[in-house]
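Here is a short, friendly briefing to read alongside the sequence and the structure. Please take a look at both before going on.

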Amino acid sequence: QVQLVESGGGLVQAGGSLRLSCAASGRTFSRYTIGWFRQAPGKEREFVVAIAWSDGITVTAESLKGRLTISRDSAKNTVYLQMSSLKPEDTAIYYCAARLGRIYNSNTYYYTGDFDIWGQGTQVTVSS
């Protein structure tokens, strides 16, 4: 069973950057797609970005394209989410999640029910 631990959240000013990490334990990510979701206060959890570990194919939520980069480090069994040009509306708890399988369509939009394994989340706060 894969366990996920997020880190890297914090307080950042608008326009700044932040890198979140998602470290896996228990197994390797090789057969999984790893996704990031976020949940702002009073809102539903929404898809942000995902990467298929086996081939590196990524898919990003349309509204966030251009400001995010997802990557993986096999040696560290870790997925990273680099966020730039942050806005106050990016304030949320960011969750890492995993699901078995690859990404077959780069236009895919994921829902929370598509992922089986979740981390505990890390808070990102963007001040204006």
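The points below go from a sheet to a hairpin and then to two loop residues. Please keep in mind that this is a predicted model.

**The sheet**
- Four strands make up an open sheet, in the order β1-β3-β8-β7, and their pairing is antiparallel.
- At the edges are β1 (3-7) and β7, each of which pairs on one side only.
- From one strand to the next, the twist averages 20°.

**The β7-β8 hairpin**
- Strand β7 covers residues 68-73 and strand β8 covers residues 78-83; the two run antiparallel and are joined by six bridges.
- Following the pairing across the two strands, L68 has M83 in β8 as its bridge partner.
- D73, in turn, stands opposite T78 in β8.
- Together β7 and β8 form a hairpin, with four residues between the strands.
- The turn of this hairpin includes N77, whose phi is positive.

**N77, in the loop between β7 and β8**
- The loop that links β7 and β8 is where you will find N77.
- Its phi of about 50° is positive, although N77 is not a glycine.
- Is N77 buried or exposed? N77 counts as buried because its relative accessibility is 14%, and the cut-off for buried is under 20%.
- Which residues does N77 touch, once neighbours within four places in sequence are left aside? N77 is in contact with C22, A23, A24, R27, T28, F29 and W53.

**S85, in the loop between β8 and β9**
- Moving on along the chain, S85 lies in the loop between β8 and β9, the latter being residues 92-100.
- S85 is also a residue other than glycine with a positive phi, here near 50°.
- S85 counts as partly exposed because its relative accessibility is 41%, and that class lies between the cut-offs of 20% and 50%.

**To recap**
- Strand β7 is an edge strand of the open sheet, and six bridges join β7 to β8.
- As for the two loop residues, N77 is buried, whereas S85 is partly exposed.

Notes. Residues are numbered from 1 along each chain as its sequence is written. This is a predicted model: local features need pLDDT of at least 70, side-chain atom pairs count only at pLDDT 80 or more; totals for chains, interfaces and linings use all residues. Side-chain values use heavy atoms; hydrogens and water are left out. Two strands pair if DSSP finds at least two bridges between them. Buried means under 20% relative accessible area, exposed over 50%, partly exposed in between (1.4 Å probe, protein chains only). Contact means heavy atoms within 4.5 Å. Axes are lines fitted to C-alpha atoms, for helices over the stretch in contact, and angles run from 0 to 180 degrees between N-to-C directions.
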